[in-house]
Amino acid sequence: MTVADRPIAAETVVTPRLVDRAAVALTLLTAFAFIAWAAFRLRNTFYGDPSIYLPYAQNMANGDFFSFNPGEFSSGSTSPIWALILSPAYLLPGEPAYTAKAIAAAAVAMAAASLFWMTRTASRSPIGAAVATAALLYFLTEPGLLMYESPLAVFLVSLLVLVTCRTMSDATLSTRRLIQLGILWALLPLARPEALLISAISFAHFAILHRRTKGSFSRLAAAGVLALVPLAAYWGYSVLQTGCWSASSECRTFSLRERAPHLWGMAYSTALFDVLRTWPVMIWLALAAWGYGTCLHNPQRRLLATTALIVLATYALLLTVVSPAGGVSDTRRYLLPAIPFLLALISAGAAHLWKMRPRAGTVLILIPAAYLLVWAPLRDVRSRVINEARHGFTLDKILERDLVDHLNHTLEPGATVLAYEVQIREGLRPDLRLLSLDGITDGKVEPYLHSADMAAFLRRYKPDYWLANDAVFYRPYLRRSILKEVVDQTGERQGQSTEIQGIRFTNIRNRTEPLVPGFAGYRHLYRLSYR
């Protein structure tokens, strides 16, 4: 080898490997550091909806599975697996809610790592995976660290896409791959109910791929049927116990559709278009379109790209018409189970453009690309995290600890409390029962939602107390019910009573501490009696 040959060998062999390794290390270190910083800033920030997981986790830690009130089955947990993951927080020393937040932060880090692993496999490029990971943090950081089940859904879908990528070149489906697919198909709808659609689309993907492969299709069908067993058992038992397949899903869908705008009697939402037209998402969509085009020229990636497009179109339809999301932040969160498919296409597009770059213009391309695709989106997330931390949604305020202490000290044994914000269950005495006014945890109010006949609902379940909040003014079904009439007549007048349709409401306590802006805490405590 001549002296002149040595620089060429170093440039073509050593440098690309060093760049790849540096990209992997820098991406993961940056992602984990960013997650750690955001988790620290949000350590004292809690939301009402994800805090509903705490009573489920608390009961699971005591060996009482799938229950909100101790000893009473409930399908009100959007993700029973997520509640199980959080349950060790109640077995460890310290404040369980903060331990649960730490578990959620670790889950976000695992989701980011699995996404990076998947997109690096899909694009065969750490640069493409780095761009995809930054995009994931844009969507996942806030809901994940606020203790929603989002990181679990992203983790499972990322693994599903990873397994899909690794089986594209297989002539037959091995037993190992079938087991992996079956487990993921079974777990996904228990992480997010609508993710059953992803499992079904994934099954169809493999059914098309192996429809003519001897033995593979029948084994695949068996794996698909077995994957449905846990979900069928859970939903079937819920129907037998509560009358609805999922209290959280049915009542949440009613809430979303009730408050959404309507056109010719059909509910719809435009929030998804508001998400898609933001500048970072528009750039990523252009990259995803480029990646989709490159995958179409690769026979082994073509079906994966088509599957990704079907999943994304299905979620778009779901969030705009079937179960219209309420706002931009909710839409970003509901979209997360489909995001790994989008990020697989983004990583393919970014990798292809990176390979096409002119050598002389690498720096000129890299610097603006890094800013637009990585730094600017993370800066936007940073601003959102700081704003969330300033809202004042502390644990004591979200769980309404002062109110819970009052209830624990004054209510008679076995009393039933009706409430709209039900996360207070976590601190209540075990003998007290909490009845959900919007049915999110027990589904009992579901038959009365459309008619708004809250009097019939109260007479059937006979709660002893009612925690009234502002929901009577902003939920349409409550505005049409006797409950708004009660608040209009007796609100702010402690000791005042009124009787409507044979039910007497007595205002026995008014809130004295200020409300946290943006959180519908209780305003009045009523005692109910029936004749």
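The predicted model contains an open sheet of six strands in the order β4-β3-β5-β8-β7-β6, with mixed pairing; strands are DSSP runs of E of at least two residues and helices runs of H or I of at least four, both numbered from the N terminus, and two strands count as paired if DSSP finds at least two bridges between them. Strands β4 (433-436) and β6 (497-500) stand at the edges, each with a single partner strand, so that one side of each lacks a neighbour in the sheet. From one strand to the next, the twist averages 30°. Because the model is predicted, local features require pLDDT of at least 70 and side-chain atom pairs count only at pLDDT 80 or more, whereas totals for chains, interfaces and linings use all residues. Residues are numbered from 1 along each chain as its sequence is written, and side-chain values use heavy atoms, with hydrogens and water left out.

Strand β3 (residues 416-419) is joined to β4 by four bridges in a parallel arrangement, with Leu418 and Leu435 of β4 as bridge partners. Parallel pairing also links β3 to β5, over three bridges, and here Val417 stands opposite Tyr465. Both faces of β3 are covered: Thr416 and Leu418 on one side, and Val417 and Ala419 on the other, are all buried (under 20% relative accessible area, with exposed meaning over 50% and partly exposed in between; 1.4 Å probe, protein chains only).

Strands β5 (residues 465-469) and β8 (residues 522-530) pair in the antiparallel sense over five bridges, and Asn469 has Tyr522 in β8 as its bridge partner. Helix α19 (residues 401-410) packs on the sheet and touches β5, β7 (503-510) and β8, contact meaning heavy atoms within 4.5 Å. The direction of α19 makes about 25° with that of β8; axes are lines fitted to C-alpha atoms, for helices over the stretch in contact, and angles run from 0 to 180 degrees between N-to-C directions. Helix α23 (residues 482-490) likewise packs on the sheet, touching β5, β6, β7 and β8, and its direction makes about 155° with that of β6.

At the β6 edge, four bridges join β6 to β7 in an antiparallel arrangement, and Glu499 stands opposite Arg504. The two strands form a hairpin with two residues between them, and Gln501 in the turn has a positive phi of about 50°. Thr498 and Ile500 make up the covered face of β6, while Ser497 and Glu499 lie on the uncovered one.
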